[in-house]
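Here are a few notes to read alongside the model. Have it open while you go through them.

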Amino acid sequence: MADTALAHGADHGAPHTTTGLSNNKLGMWIFLGSECLLFGGLISTYMLYKGRVSAGPQPDQIYDIPFTSVSSFVLLMSSLTMVLAVSAAHRRDDRNTNLWLTVTALLGATFVGGQVYEFTAFYREGLGFTTSLFGSSFYTLTGFHGVHVTVGIIMLMALVGMVRRNRIPGSKAETVELIGLYWHFVDIVWIVIFTLVYLIPS
Amino acid sequence: MAIIERPSAEIAVAGAAPSGVKPSEALGVFKRPAASTSWKDWLVTVDHKKLGIMYGVAAFFFFIVGGVEALLIRLQLAGPEGKILSADQYNQMFTMHATTMVFLFVMPMVSAFANYFVPLQIGARDVAFPRINAFGFWCWLFGGIFLNTSWFLGGAADGGWFMYAPNSSTLFSPSHGIDFWVLGLQITGIASLTGAINLIVTVLNMRAPGMKLMRMPIFTWMTLVVQFLLLFAMPVITVALFLLSFQRSFDATFFDVAAGADPLLWQHLCWIFGHPEVYILILPSFGIVSEIIPVFSKKPLFGYPIVAMSGAAIGFVGWGVWAHHMFASGLGPVSVAVFSMATMAIAVPTGVKIVNWIMTMWGGKLSFTVPMLFAIGLVVQFTIGGLSGVTHSVAPSDTQQTDTYYIVAHFHYVLFGGAIFGLFAGFYYWWPKIFRKQLSESLGKWNFWLMVIGMNMTFGPMHILGLQGQPRRMQVWTEARAGEGFFNIGFWNRIASLGSFILAVGVLLFIINIIYTHKSKKVAIAPLDPWDARSLEWMTANPPVEHNFDSIPTVNNLDEFFHRKYAEDPNTHEVRQVATAEEVLAELNAHPDEHIHMPSRSYWPILVSLSLPIICYGLIYNRLLMGVGAAFLLLTMFGWAMEPSTAPDDDFDPPAPGEGGGHTKELAPLG
């Protein structure tokens, strides 16, 4: 909520802030900075433990690289559709904003669906959450990422509803852009995870 | 709740025309609460000053709780074979003493000062995200209460405040104490993270015109550095706490050594958080004394840019020294050498600050008021604690000192002698600003001297105890092994216990001082500017009005308030007073801003944060309760998002042409 006295000018166009960035956007950037360290901690834990398999399957025995590549591609494409949504919002084109937001949410949901499938497949192959250090750290890392994508999907769908009912205060384009920042961040984190977890052999 | 459609008080103050008020459409239960003077207003407030006071009061309560825990520890150790606490109770006592003092006293007390004074010091009317600010306070409070309910539900956490795994796994710590600890700190962690984002955005984005970064008061500077430290340190401890709670609640294997786990994982994560954390605790107090020493020396702060930048340097280097907490864990010679050097290096910017404070006092017209005494107390005692800290950076020496009372002596000198003395300096200095009355100077001097004597009697002997080999966290010492003569640990333990009670009397005098000041009719209302201060927060009424400044000042100088009161005579180069504080304030208020929008009160911050302890109790006792808590969380978040952005009785500007009357449905999606 940026409706304090100083940001008052936001209703009438340019926000009156010291940096020129709106409070919400600066807040989102700073929050994402913090998220880097959250994933940094989780990724470090995984890197430390990926080779420690006291029981159950080894990483390279269960990873299905082609399948995960496809779902990664889907997630990366959702960044493209997110950009299209932001661009439509800047053009004040509500119809296309909503269209691309919905497509982004669907692509994200496809990725999460792929992750659910992958988790069940791994579980059937004998990798439970408590099986080994590898199992615990794998599910924790990718699970945290999956939760972030899911939260993103909820935000996208809420945004679609709010755009449709014309219930967004201040600049609509900026609100779409904020969710976009979060969404791109989650995608970039996945590029790191996909490379470190799946592509580099243990 | 009845909503009376009328212009609110601040509009009347601001002189806005009541005809400009257009109450927004009421949205049933999603209405904003109206302003009121009852106690209920404190539950729904988003005013940074009220939240600051609430942080302060609640944190001081936890200070007393943590202090009683400390006194019990000292009673136990006052004689050989102490019988007051069992070994198990003793473990809980030192764990909760540290946790309470760090997470429930110093950090929130810093939040109290930062919330109250940062917007005032930069010339803002509130923080960037007022509802999130309120949410952070309630999260912290509920987290702290949740943590302390473990005392009544089968015992508190007993693993020491850094809670080394695997000792903290269910195998070695089967009671629920550590579950409460882990989950409670997760909740208070949310408060730290949201507070960090909020204050960083506030400082970067909401400065008054002309308030450049290098014109900000040092307290604001240190707050900014600390909030960046919190921003990056909190997620690391969050990961560690998640790993531990997954292990304890869902049988994950992170710290299961039989499965090949590395016990150093927890230590690294804990200290990557933990070392920046010690700067999080001390830097705000550095900021407070950097405000106080110039005022009572009648001189500008010596080397202002150096003080600001050395604080930032401490913030950076603070990330590269964490493993000096782990010299005894077998890191290997290269790591030990690197961290040893880095630790020596971080003493440099800290020493620079001490030199700056001394140079500020040098040649100044010193007045030894109570805030100044506490500030000087910090400078002296922190220097002692800092020097014993440098001895830790020497790894071979540190290996001898690890886990002895020497470490306890060191960190109490920097945290009690440093951080807490800084906070007390802040209490005395800013008391008239917040509560209109000045705390008694004579009682304050008793308060100060008893605390100095008590603090040095308690923690000074611990250097000797530690070097004699008394391990920390042992619940007894025996006469047979106490040693002879000057180094008899029995003697020094008794001195330390005696000192702790003198310290407690000192703190008690502070409480008596508060009661005396506010009950006694002899204590008059303090003048507007009792200390002849230098920075913007004193350019407001005592206490500041809800919107802080009737008109936002334009800043032309470092120490703006001072420069408005004093000017240099161009002929004689003599600095003399050109205006009183009252005149400065009257001039500033001569042309008040119109249509001041203050953020409206909200029910949702307290309700959303209330769901978090419910979820956590559910996680420990009953998964069904967890579901109820989660549902409550979702519902309240929905309420938060659907809340109209203004209260029905708020000031309202007419919508800009072309916006089509959408103003009645304005919602605040992000916070």
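1. How many residues does helix α6 of chain B have, and what does it reach from its first C-alpha to its last? It has 29 residues (177-205) and reaches 42 Å, close to the 42 Å expected at 1.5 Å a residue, the expected span being 1.5 Å times one less than the number of residues. Helices here are DSSP runs (H or I, at least four residues), numbered from the N terminus.

2. Before going on: this is a predicted model, where local features need pLDDT of at least 70, side-chain atom pairs count only at pLDDT 80 or more, and totals for chains, interfaces and linings use all residues. Residues are numbered from 1 along each chain as its sequence is written, chains are lettered from A and ligands numbered from 1 in the order in which they are written, and side-chain values use heavy atoms, leaving out hydrogens and water.

3. α6(B) is mostly covered, with 27 of its 29 residues buried (under 20% relative accessible area, 1.4 Å probe, protein chains only).

4. B:W140 is worth a click: its contacts (heavy atoms within 4.5 Å) include B:Y55, B:F62, B:F103, B:T188 and B:A191, not counting residues up to four places away in sequence.

5. Look at the largest cavity (points on a 1 Å grid over the protein atoms alone where a 1.4 Å probe fits but cannot get out). Its lining takes in 23 residues, with an atom within 4 Å of a point. B:Y55 and B:A191 are among those nearest its centre. α6(B) supplies the largest share of that lining, seven residues.

Note on methods
Helices (H or I, at least four residues) and strands (E, at least two) are DSSP runs, numbered from the N terminus. Buried means under 20% relative accessible area, exposed over 50%, partly exposed in between (1.4 Å probe, protein chains only). On a 1 Å grid over the protein atoms alone, a cavity is a set of points where a 1.4 Å probe fits but cannot get out, and a pocket is an open set with protein on both sides within 12 Å along at least five of seven lines; lining residues have an atom within 4 Å of a point.
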